[in-house]
Amino acid sequence: MNERIYKILEFNKVKEILKNYAVTYLGRERCDSLLPSTNSLEIEKWQNETEEALSYYLKQHDIPLSPISNIDEILNKTSIGGILSIEELLKVSNTLFIARRLKNSFTNGSIDENEFPILSEYFENIYTNQRVEEEISRCIKNEVELDDRASTELYKIRKSIKDQESQIKEKLNSLIHSKAKFLQDTLVTFRDDRYVIPVKAEYKNEVPGLIHNQSATGGTIFIEPTAVFNLNNEIKELKLKEFQEIQRILALLSQMIAPICENIRISIDLIGKIDFAFAKGKYAGCLNAYPPVFDAVKCNLKKARHPLIPQESVVPIDIYFGDDIKELIITGPNTGGKTVTLKTVGLLCLMAQSGLHIPANEGSTLKIFSNIFCDIGDEQSIEQNLSTFSAHMTNIVNILNNVTSDDLVIIDEIGAGTDPVEGAAIAMAILEYLFKQNCICLATTHYSELKSYAINTQGVENASCEFDIDTLRPTYKLLIGIPGKSNAFAISKKLGLKDDILTRANDFLSDESIKFEDVITTMEYDKRKAEEERELSKKMLKEAQDARNRIKDEEQKIEKRKTEILNKAKQQARDILLDAEDTAKNIIKDLNKMKNSNKANNKQIEEHRTKLKKNISEMQKDLVAPSKIESKNALKKENVVIGMNVLITDLEQEGVICTAPDKNDNVMVQSGIIKLKCHISQLEEIKKKEDKNRTVNQATAFNKSKDLSTEINLIGMTKDEAIPALEKYIDDAYLSNVGSVRIVHGKGAGILKRAVHEFLKNHPNVRTYRLGVYGEGDTGVTIAELK
């Protein structure tokens with residue numbers, strides 16, 4: 001590939017457009033030097049770089065990149081010890097600022113670096129030095145002046161200069177008032193870096209001093225009065241000191257830059273890469289372009305568009321070749337789009353191998369070509385005295401001498417410009433030679449002989465650019481597998497050529513020509529019919545897929561709703577059980593209080609018992625019935641044992657089997673104070689040691705609760721005596737559904753209290769515990785809440 005190919009296929013125009021998307025001179029330089037590669041790994045990296053930039057641009061909009069100055073010579077100067085000017089230092093500072101802002105926009109944002117591996121490497125390796133950047137900004141006031149605060153010495157010098165200038169102006173103003181009649185103007189002015197006053201020429205001897213200059217007319221003499229000689233001299237000395245201090249500061253700032261010159265160069269290079277990557281990404285977004293899929297043998301462009309034709313007027317083409325189609329012979333009328341098709345394919349190949357996305361649908365495939373050879377357009381050279389045919393043949397000879405199996409050959413109007421019979425023969429011989437070289441060839445022609453050659457040769461395929469006879473306009477659609485008709489008769493008739501002339505012209509055609517044109521007409525009709533049926537099939541398939549997706553979505557919604565309903569039912573059942581258990585505990589607590597206070601009578605106790613039974617009955621009525629979905633570890637009928645600890649899977653509650661299975665395999669299960677009828681398929685056996693120790697008979701637990709106190713007194717016991725007694729008491733209280741107990745351990749040295757707390761902390765049936773408060777026994781008592 002060479003410059004001539006890039007010019008013919010208009011690749012240089014694409015690069016010029018690409019440059020418009022670059023922000024810096026560095027990005028534009030990279031656009032200028034962009035060339036296709038034949039290295040698959042390099043091309044893949046370039047394409048990934050473009051894709052990352054496009055994706056980042058679409059998500060984050062843009063990067064904070066602004067134009068930067070070319071500071072190569074500045075860095076070279078400071079590298080060899082040169083002192084930079086104020087303007088040069090500002091350019092370096094601005095470059096450091098742009099680099100820092102660019103890096104921070106990426107590293108400080110909410111960006112997944114794994115999504116942008118190439119860009120991440122660029123951004124992360126940008127060198128920043130905020131200290132140097134800010135020191136330069138602090139010292140420099142503007143493009144021509146250092147700030148007074150750049151150094152203490154500079155501040156002192158400039159203050160002294162201002163003081164001296166004030167004294168001079170004061171003396172000169174006094175002199176002006178006293179000598180006003182001798183002066184041309186009552187203003188203090190400046191000549192040769194010294195303060196002077198304008199004196200009329202005829203009175204120059206009236207004002208003693210040094211003459212510095214005169215006006216163009218000679219009417220005004222600028223005199224430095226003797227009274228300000230010394231003050232002007234002192235200012236000149238201060239100005240010299242100021243210059244020396246400024247040079248010292250500039251030298252110090254230059255010395256700060258010298259050690260980091262190479263790092264700055266690296267940052268500049270990375271800024272150029274980033275700018276170039278985003279230029280490619282933005283251009284791809286503008287073209288609605290996609291990365292091609294590279295294939296070893298075939299090309300398949302879907303809805304490909306020429307990037308230089310306005311997108312609103314371009315007609316996309318579908319074209320495929322390679323693999324079993326080595327040569328594509330494209331025919332059709334002039335201005336029908338044949339040449340545009342050739343240029344579109346060639347240009348998109350160049351763009352793809354240069355790392356640019358191509359304006360074609362996603363999934364388009366291309367082969368990586370070692371070379372692209374072109375012979376397009378009339379390249380007749382008047383200076384070389386070559387005819388059209390000679391110019392074309394010179395190019396084709398060069399192609400034939402250099403072509404390999406990895407190349408793409410594009411020839412427009414092959415064999416044209418000479419006798420049609422000889423031209424067609426030469427064209428077929430050239431195509432045959434290229435076919436034997438195993439390269440890919442796209443060629444356009446008007447020769448019918450080449451249409452026959454394509455029909456009769458395996459691996460060669462006809463294609464045509466469609467033409468609308470009714471409107472006498474090309475549609476620019478490419479039809480693969482159908483040779484194009486010249487349509488000369490139809491076009492002539494539409495344009496008004498007489499029928500008798502057309503009839504006579506038809507007589508001159510051979511029978512073979514007429515039959516061939518009829519075959520082409522039939523093929524065109526069949527092709528269009530097949531295309532219509534294919535489009536209809538695609539539409540019906542899409543509708544079927546959409547319907548299937550809708551049904552799938554509805555099934556998922558139903559399943560989700562079903563799960564929500566089941567979960568809600570389970571939660572309601574659990575809430576009912578917990579409410580029942582809490583109510584029962586409160587009633588038992590009231591009964592224990594009545595017993596301990598010795599104030600209760602049998603009637604009150606019976607009322608509480610009735611209330612408990614009524615509550616249990618109501619809870620059992622409200623309880624949601626379990627579903628019939630069998631548990632994976634469900635009990636088998638033969639394994640059911642009364643007293644077995646089980647898990648009710650639907651309710652996620654534990655219980656104990658109270659009855660043998662009935663004829664429907666249902667059993668009664670005691671869960672807390674509630675009895676449920678459950679199918680054995682909803683039960684799983686619990687094999688835990690702690691469950692075996694739990695008393696399941698509710699009547700026993702109730703009877704036990706009547707005799708159990710809610711308080712235990714450990715005072716007077718040793719630690720070894722108290723803990724076993726407390727353990728038994730806690731177990732009895734838990735089995736009796738006592739919610740809260742009072743443990744009296746006394747204050748003393750606190751040994752017994754610590755032992756009690758250590759025991760309660762690790763007990764499985766204790767929910768929480770705390771020290772008593774005023775009225776409960778203070779710190780001599782611990783209140784424990786049981787599960």
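Is Lys303 buried, partly exposed or exposed? Lys303 is partly exposed, its relative accessible area being 38%. The points below concern a predicted model.

1. Overall composition. The protein chain contains 23 helices and 25 strands. Of its 787 residues, 42% count as buried. The accessible surface of the chain comes to about 42900 Å², and carbon and sulfur atoms account for 50% of that surface. Among contacts with a separation of 6 or more, 67% are between residues 24 or more positions apart.

2. The largest nonpolar core. This core has 50 residues, and the members that touch the most other members are Ile319, Met351, Ile372 and Leu408. Helix H12 (residues 338–353) provides the largest share of this core, with eight residues. A second core, separate from this one, has 47 residues, among them Ile86, Ile111, Ile140 and Leu250.

3. Surroundings of Ile372. When neighbours within four places in sequence are left aside, Ile372 is in contact with Met1, Ile5 and Leu9, with Gly346, Cys349 and Leu350, and with Leu408 and Ile410. Leu408 also appears beside Ile372 in the list of residues that touch the most other members of the largest core.

4. Backbone at Lys303. Phi of this residue is near 50°, a positive value in a residue other than glycine. Lys303 is located in strand E8 (residues 298–304). A reader inspecting the strand may wish to view this backbone angle together with the partly exposed state of Lys303, at 38% relative accessible area.

5. Backbone at Asp323. Asp323 is likewise not a glycine, and its phi is positive, at about 60°. Asp323 belongs to the loop between strand E9 (317–322) and strand E10 (327–331). With a relative accessible area of 47%, Asp323 is partly exposed.

6. Salt bridges at Lys13 and in helix H11. Side chains of opposite charge can pair when their charged atoms come close. In the whole structure, 22 salt bridges are found. In one of them, Lys13 pairs with Glu10, and the closest N and O atoms are 3.1 Å apart. The two partners differ in burial: Lys13 is partly exposed at 47% relative accessibility, whereas Glu10 counts as buried at 18%. Another salt bridge joins the side chains of Asp269 and Lys273, at 3.9 Å from N to O. Both residues belong to helix H11 (residues 261–287), where they are four residues apart, about one turn of the helix. Asp269 is partly exposed at 36% relative accessibility, and Lys273 is partly exposed at 27%.

7. The network around Lys162. Lys162 forms a salt bridge with Asp148, with 3.8 Å between the closest N and O atoms. This pair links distant parts of the chain, 14 residues apart: Lys162 is in helix H9 (residues 152–178), while Asp148 is in the loop between strand E2 (145–146) and H9. Asp148 is partly exposed, at a relative accessible area of 23%. Both residues belong to a network of salt bridges that also includes Arg158 and Glu242.

8. The buried side of helix H8. Which residues of helix H8 (residues 130–139) are buried? They are Val132, Glu133, Ile136 and Cys139. These residues lie on the same side of H8, because they cover an arc of only 140° around the axis. The elements that cover the buried residues of H8 include helix H6 (86–107), strand E1 (140–142), E2 and helix H10 (229–257).

9. Cysteines. How many disulfides does the count give? The count comes to zero. For Cys374, the closest cysteine sulfur is that of Cys349, 9.7 Å away, and this is too far for a bond because a disulfide needs sulfur atoms within 2.5 Å. Cys374 is buried, with a relative accessible area of 2%. Cys261 also counts as buried, at 2% relative accessibility. Cys349 was named above among the contacts of Ile372.

Terms used:
Residues are numbered from 1 along each chain as its sequence is written. This is a predicted model: local features need pLDDT of at least 70, side-chain atom pairs count only at pLDDT 80 or more; totals for chains, interfaces and linings use all residues. Side-chain values use heavy atoms; hydrogens and water are left out. A nonpolar core is a set of buried Ala, Val, Leu, Ile, Met, Phe, Trp, Tyr and Cys residues joined through side-chain atoms within 4.5 Å. Buried means under 20% relative accessible area, exposed over 50%, partly exposed in between (1.4 Å probe, protein chains only). Helices (H or I, at least four residues) and strands (E, at least two) are DSSP runs, numbered from the N terminus. Contact means heavy atoms within 4.5 Å. A salt bridge is a side-chain nitrogen of Lys or Arg within 4 Å of a carboxyl oxygen of Asp or Glu. The arc is that of the directions from the helix axis to the C-beta atoms. Accessible areas come from the Shrake-Rupley method with a 1.4 Å probe; for residues, only the protein chains shown count as cover.
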